[in-house]
Amino acid sequence: MAGLFMQAATAAQTRNCSSDVIPHPSIAEAQILELSAIPVLNYRQDEDSAINFCNVTVTYTHPERKDAIHVTIWLPLEDWNHRLQGSGGSGYAARSEDAVLAAAVAQKYTALATDGGHEVNGFSSESWSLDKAGNLNMALLEDFAYIALNDAAIIGKQVASSFYGQALRFSYWNGCSTGGRQGLMLAQRYPTAYNGILAAAPGVNWPSFVVSQFWPQFVMNQLRTWPAPCVTDAITAAAITECDGIDGVLDGVISLPDLCDFDPHSLVNTVVDCEGENVTITENDALVVQSTWEGPVASNGSFLWYGLEKGTPLSMEESSLVYTKCSGLNCTGAPFPISADWISRFVLRNPSANLADLDHETFDEIFARSKQDFDAIMGTNNPDLSSFKRAGGKIITWHGLSDQLIPPKGTEQYYKEVQKKDPSVSDFYRLFKAPGVHHCEGGDGPVPIDPLARVVDWVERGIVPNTLDAVSASGLRRKLCPYPLSPVYKSGDINGAEGYECEETCE
């Protein structure tokens, strides 16, 4: 009987999945251009599961901005949990991949994404950043930075309510990297858009850290030294060997990088095997790595931004900052695409700019101009979250300490700024560090297990996330601790979570 009822309910919802049934949503200062609704049955996430949903696409414009934005809403055809899940993008991509939407629908969320008004290409802004005259397309940058985010929440809520004939109970944001930045932007500018936000490895202070991502390539160009990946890999491995045990456990992870005093210059004249060739680590090789760890400084030696943590991979193809392409032992620099794109197209407005020949004073000017021109739009660094707190909102941020793209200390700095404004920040916002984890995923360290569920528990049941359960690909388990605490080994199984306690270390 239950099966027949389910089939009837699914059939009824399938009939409702029509542009003739779902009314156009209403958005202030915007015009709906089109709404399409298509039932999707037996959509395969994997070999073992399939989902049924109504795929709604809303296309709209802000007439004075001359944009065209597409919002995607996937609505479960059965057992809706009365929740909306907005999903974030990566790099320049405002929206997530379909797999993320499918995972949300499998958990019975209405899933939501926006393309922010431009082509979904995470690595390049070529199709939208500059107009034919070479002028910056400020309208699309503002859409990407914040406007489209709130629009999508409004649209998603209205479509869900129309489709199901009842209002949703809660809305959540789920994002990492650009998605993390989007989540914090929503908390800062649109405090009632979502009840809870998961903002992992967030790209806050975008104008600063994206320029800083070019720093290792700049240093290599200045030194005329482009280490082969095997050289930087050897230095990273030596740092891990030196500092792995600081937390009392040898697990292949630097858990307390601030306590790691490893000096890459100690490896100068060491010979490493590079695919059968003996290569000697030079003073300049060590200086490249040291500069990457320390972060960019101005030509007068003053601090500009944070570097990567020791133990972080430096030479992952297309997703790291010291990557070089080699023919034999002859190597050239390969900048992280987003950083080079941002500097050339947004800051310099010159797609053909030769970034390999920058001098230090010009690098300083680029860093300053990026902040001056774009902090108010893309910085996402307003520490005043009082309106979000008053609305009852909750935020969890986690950041891998081996993040090879976004320096974890930038996230820590933002959290500290929020804490200065509100010493009771932990009542609604908590930061967790994940030792050994790369950007959003991967690495040898334990990755948080379903942290969005912890946000839901906090919002709906008042269960405060005092720790986050995490597991690595090898089965290593930890309970990640809220900043400023770190997991410290006490006794028992070093691979299990129960042998650790959260303590404040002398970082």
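The largest pocket here holds about 1,300 Å³ of space. Of the 47 residues lining this pocket, Gly89, Ser90, Cys176, Cys440 and Glu441 sit closest to its centre. Keep in mind that this is a predicted model. Besides the pocket, strand 3 (residues 69-76) is worth a look, with seven of its eight residues buried.

**The largest pocket**

- Domain 1 (9-204 + 379-504) and domain 2 (208-376) each give residues to the lining of the largest pocket, so the pocket lies between the two.
- Several elements supply two or more residues to that lining, among them strand 6 (170-176), strand 7 (196-200), helix 5 (206-212) and helix 13 (451-461).
- The top contributor to the lining is helix 2, which gives four residues.
- Sorted by class, the lining residues come out as 24 nonpolar, 17 polar and six charged.

**Strand 3 and its partners**

- Since seven of the eight residues of strand 3 are buried, the strand is largely enclosed by the rest of the structure.
- Strand 3 pairs with strand 2 (residues 49-61) through eight bridges, in the antiparallel sense.
- To find this pairing in the model, look for Tyr60, whose bridge partner in strand 3 is Ile69.
- Strand 3 also runs antiparallel to strand 5 (residues 110-114), and four bridges join these two.
- For that pairing, go to Trp74, which has Ala111 in strand 5 as its bridge partner.

Conventions:
Residues numbered from 1 in each chain as written. Predicted model: local features only at pLDDT ≥ 70, side-chain atom pairs only at ≥ 80, totals over all residues. Heavy atoms only, no water. Buried < 20%, exposed > 50% of the residue type's maximum accessible area, 1.4 Å probe, protein only. Pairing = 2+ DSSP bridges. 1 Å grid on protein atoms, 1.4 Å probe; cavity = no way out; pocket = protein on both sides within 12 Å on 5 of 7 lines; lining within 4 Å. Points joined across faces, edges and corners; volume = space filled by probe spheres on them. Nonpolar A, V, L, I, M, F, W, Y, C, P; charged D, E, K, R; others polar. Domains from an automatic or database assignment.
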